[in-house]
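Me: I would like to go through this model by question and answer. Please start with the terms.

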Amino acid sequence: MRVRGIAALAATIGLAGPADAATNIQVTFSLPVYAQINGLNDVTFTAVPTNTDAVNSQSTCAWTNSLTRSYRITASGDGGSGTAFSLSATGGRTVAYQVGWAGTSGASSTTALTTTVASPTFTSAALTPTCTTGPSSSSTLRVTILAADLQGMTSSLSYTGTLTLLMSPM
Amino acid sequence: MHGETKTRLICAVLAATAALLPRPALAQSANPPLSNVAFGNVTSLSLDLRRAQNTCSFAGVFPITYTVTATGSGTGNAFTVTNGTSTVSYEVQWAQTANAASGSNLTANVALTNQSGGGIVTGLTCFLGLTNATLIVIVRAGQLQQATTGSYSGTLSVVLAVQ
């Protein structure tokens, strides 16, 4: 009798209880589309010879988390009517420059960009916003002042301008 | 008082007390139950997503410890969520106190043992709606940065068992 009583008590307090139960919960979040260009540097030309094009190429990290990791680049300058790719100096002097973009790092050739016009689609190999994982860079920006334009510049003047790049994920 | 009579009285008190407590084999998260972890829209890729929720775990009057075993819906029960094309890992932690800032990291399908949660006081704690444990789910910023856009979801299963 005593044994049965102890057994009943044990069952009551759980020593021989029901099977373990699982709790299922949902883990959710929504990730918007992001895009960014990281690692762009100012472009400076100094003591430029006028018999050859002045070229500056730099590799950058262009990253997007779009499903295809594709994007377009729209570039604009601040010359002329406000968006031309041109530099200006005192006295109203200006000089045009060319802008190119490639969807790979260290590219020797780039796709020429027209101011305020979206580029063709590029696909980025960048895996993280600052390229800390995967390739250390994923694209190339190329700025060129043609020799013919260099020859029209006035010496001893500083020409400056701003180039704006807009990255649009696709 | 006669020895046998005293024993019967203690047993009766214990039985009566146990009857008031949550279902004993393990009152898993019954009060309150574990809730879905909905982080909503991600607004920064520089910050971890972190959600902690209190719950009450009770191993029974006599069992004083329990185990926690969690499994995810990813490959091999991994703690992952997916948008259908991309997979993001998350971390799961369990703490033996409420409002814990951090806990023990859980490995998918591996029991976290020796969690303290037995006795009458613990039972009453759960019965009264108080909490004594924390479940924490973390999605690291590094994981978010590598993921493609979309709505991510996955199932996390948590099992508490008397040890």
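Reply: Helices (H or I, at least four residues) and strands (E, at least two) are DSSP runs, numbered from the N terminus. Two strands pair if DSSP finds at least two bridges between them. This is a predicted model, in which local features need pLDDT of at least 70 and side-chain atom pairs count only at pLDDT 80 or more, while totals for chains, interfaces and linings use all residues. Residues are numbered from 1 along each chain as its sequence is written, and chains are lettered from A and ligands numbered from 1 in the order in which they are written.

Me: Which are the edge strands of the open sheet of five strands in chain A?

Reply: The order of this sheet is S2-S3-S10-S7-S8, with antiparallel pairing. Inside it, S7 (residues 98–102) and S10 (residues 139–145) of chain A pair over five bridges, and A:Ala102 stands opposite A:Thr140. An edge strand pairs on one side only, and here the edge strands are S2 (35–38) and S8 (111–112) of chain A.

Me: Which strand of chain B is joined to S1 of chain A by 10 bridges?

Reply: Strands of a sheet pair through backbone hydrogen bonds, either parallel or antiparallel. S1 of chain A runs parallel to S1 (residues 37–41) of chain B, with three bridges, and A:Ser30 has B:Asn41 as its bridge partner there. The 10 bridges belong to an antiparallel pairing, in which A:Gln26 stands opposite B:Thr155. The strand is S10 (residues 150–162) of chain B.

Me: Which element gives the most residues to the largest nonpolar core?

Reply: A nonpolar core is a set of buried Ala, Val, Leu, Ile, Met, Phe, Trp, Tyr and Cys residues joined through C-beta atoms within 7 Å; buried means that 20 or more other C-beta atoms lie within 10 Å of a residue's own, with C-beta atoms placed from the backbone. Of the 37 residues in the largest core, B:Tyr90, B:Val137, B:Val139 and B:Leu156 touch the most other members. Elements that give two or more residues include S1 of chain A and S9 (133–139) of chain B. With seven residues, the one that gives the most is S10 of chain B.

Me: Over which residues of chain A does pLDDT stay under 50?

Reply: pLDDT is the predictor's confidence in each residue, from 0 to 100. Chain A averages 89, and 88% of the residues score at least 70. The stretch under 50 is residues 1–19.

Conventions: Contact = placed C-beta atoms within 7 Å. Buried ≥ 20, exposed ≤ 12 C-beta atoms within 10 Å, placed from the backbone.
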